[in-house]
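Here are some short exercises on a ligand and the chain around it. Have a look at the model, try each task, and then follow the worked solution.

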Amino acid sequence: MTDAVTVTIRTLDAAEAEARLDELAAILVDAVANGASVNFMAGFTQAEGRAFWRGQLPGIAAGERQLFVGDDGARLVGTVVLSFAPQPNAPHRAEIGKMLVLSSLRRQGLGQRLLEAAEQAARAAGRNLLLLDTETGSAGDHLYRRAGWTEYGRVPGHAFRPDGRLAETTMFYKRLGD
Ligand SMILES: CC(C)(COP(=O)(O)OP(=O)(O)OC[C@H]1O[C@@H](n2cnc3c(N)ncnc32)[C@H](O)[C@@H]1OP(=O)(O)O)[C@@H](O)C(=O)NCCC(=O)NCCS
């Protein structure tokens, strides 16, 4: 049984991400199976998970986004993606996505550590305004508030949960100190 304390948070380059597509997919499949509203519906498969992560590889290779993972030495147990805004008028902005921790390892600080790693990398890259959205009232909603993010709006009925119910989404931003 993995102990969250022994999990290392690090970046994964495109080559390693490609080699570990199955582990990345398993984390996403586990999240959807446990009801997380992360763009996909119930019945989401390992093959679909691999396809999602495969689609992220060119952007990672091009430096348009960075993938951070939790690694317990034997397998990957969490992810977060930092995507740099491509617009010429937004060189200071980035988005956070696919903030996922294996359901068996939650509430042990891994989500917070992944988020901190992404925020630190954003700051290092000169991206001091971060954006994300999440289902209102979800675990992510709690995590982001606790990590100092500011809510800037809510959209009722914004996305379907995996179980087919429409749910509200809350938008957050965080301005990073200099
Ligand atoms: C969101 C998620 C990544 C959090 O990961 P985690 O490793 O459990 O988070 P942490 O243990 O670091 O939690 C840090 C703090 O966030 C808050 N928090 C996290 N999960 C929470 C929950 N289910 N309910 C209430 N607060 C929660 C708490 O304040 C927690 O600190 P505490 O445990 O000392 O009270 C995880 O629940 C997950 O993968 N969920 C499914 C995917 C998802 O919805 N991602 C967000 C989409 S944007």
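**Exercise 1.** Find which protein atoms make polar contacts with oxygen atoms of the ligand at Gly-111, Gln-112 and Arg-146.

*Solution.* Start with the cut-off: a polar contact is a pair of N or O atoms within 3.5 Å. At Gly-111, a polar backbone atom is 2.8 Å from a ligand oxygen. Next, Gln-112 brings a backbone N or O atom to 2.8 Å from an oxygen of the ligand. Then turn to Arg-146, where a polar side-chain atom lies 2.7 Å from a ligand oxygen. Finally, consider the surface: the ligand taken alone exposes 900 Å², and the protein buries 79% of that (Shrake-Rupley method, 1.4 Å probe).

Before going on, a word on the source: this is a predicted model, in which local features need pLDDT of at least 70 and side-chain atom pairs count only at pLDDT 80 or more, while totals for chains, interfaces and linings use all residues. Residues are numbered from 1 along each chain as its sequence is written, and side-chain values use heavy atoms, with hydrogens and water left out.

**Exercise 2.** Describe the shell around the ligand by residue class and by secondary structure.

*Solution.* Count residues with a heavy atom within 4 Å of the ligand: there are 20, and Met-99, Arg-107, Gly-109, Gln-112 and Arg-146 are the closest. Sort them by class to get nine nonpolar, seven polar and four charged (Gly counts as polar). Now map them onto DSSP runs (helices H or I, at least four residues; strands E, at least two). Strands S4 (93-101) and S5 (129-135) and helices H4 (110-124) and H5 (139-146) each give at least two shell residues. The largest share, six residues, is from H5.

**Exercise 3.** Work out how many helices and strands the chain has, and in what order they run.

*Solution.* First take the totals, five helices and seven strands. Then read from the N terminus: β-α-α-α-β-β-β-α-β-α-β-β.

Technical notes. A polar contact is a pair of N or O atoms within 3.5 Å; within protein, one must be able to donate a hydrogen and the other to accept it, and residues adjacent in sequence count only if both atoms are side-chain atoms.
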